[in-house]
Amino acid sequence: MDIKQKAAQLIKKYHTDNPFKLAALLNINIIYGNLGGKYGNYMKYRRSRYIFIDDCRTPESMLSFICAHELGHALCTPDANTRWLNAYTIKMDDKVERKANHFAVELLLNDAFLQSNI
């Protein structure tokens, strides 16, 4: 399944494109705190999924995108360990980050949203 289709199916199934609501409906915990420079992070630990958002440094206008991006990690690349990729490879995580960004854009700028703002 491609990323656009995945985002469209989520929107259709849950009747929302709000990443915070989708995370709650998908039982993904959102935790706010000081991440020391990163805007957000996704982690899967023992069957539980977490999105961490830095509420100290993240501009309010970016919160939805950051949440949607991390939701993209949870749904499109759930088993990718980007910290390990960053430490032991060169630019191997670019594909993972591109997928998360692509998902965020498809979720937030979906067809219905674009048509309603023409």
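The following exchange concerns the nonpolar core and two loop residues of a predicted model.

In this predicted model, local features need pLDDT of at least 70 and side-chain atom pairs count only at pLDDT 80 or more, while totals for chains, interfaces and linings use all residues. Residues are numbered from 1 along each chain as its sequence is written, and side-chain values use heavy atoms, with hydrogens and water left out.

Colleague: Which element gives the largest share of the largest nonpolar core?

Modeller: A nonpolar core is a set of buried Ala, Val, Leu, Ile, Met, Phe, Trp, Tyr and Cys residues joined through side-chain atoms within 4.5 Å, where buried means under 20% relative accessible area, exposed over 50% and partly exposed in between (1.4 Å probe, protein chains only). The largest such core has 21 residues, and Leu-71, Leu-75 and Leu-107 are among those with the most contacts inside it. Two or more residues come from each of helix 1 (3–14), helix 2 (19–25), strand 3 (48–54), helix 3 (63–76) and helix 5 (94–108), these being DSSP runs numbered from the N terminus (helices H or I, at least four residues; strands E, at least two). The largest share, seven residues, is that of helix 3.

Colleague: In which loop is Asn-27 found?

Modeller: Although Asn-27 is not a glycine, this residue has a positive phi of about 60°. Asn-27 is also exposed, with a relative accessible area of 60%. Its place is the loop between helix 2 and strand 1 (28–33).

Colleague: What is the relative accessible area of Arg-46?

Modeller: Arg-46, which lies in the loop between strand 2 (40–45) and strand 3, has a positive phi of about 50° although it is not a glycine. Arg-46 is exposed, and its relative accessible area is 67%.
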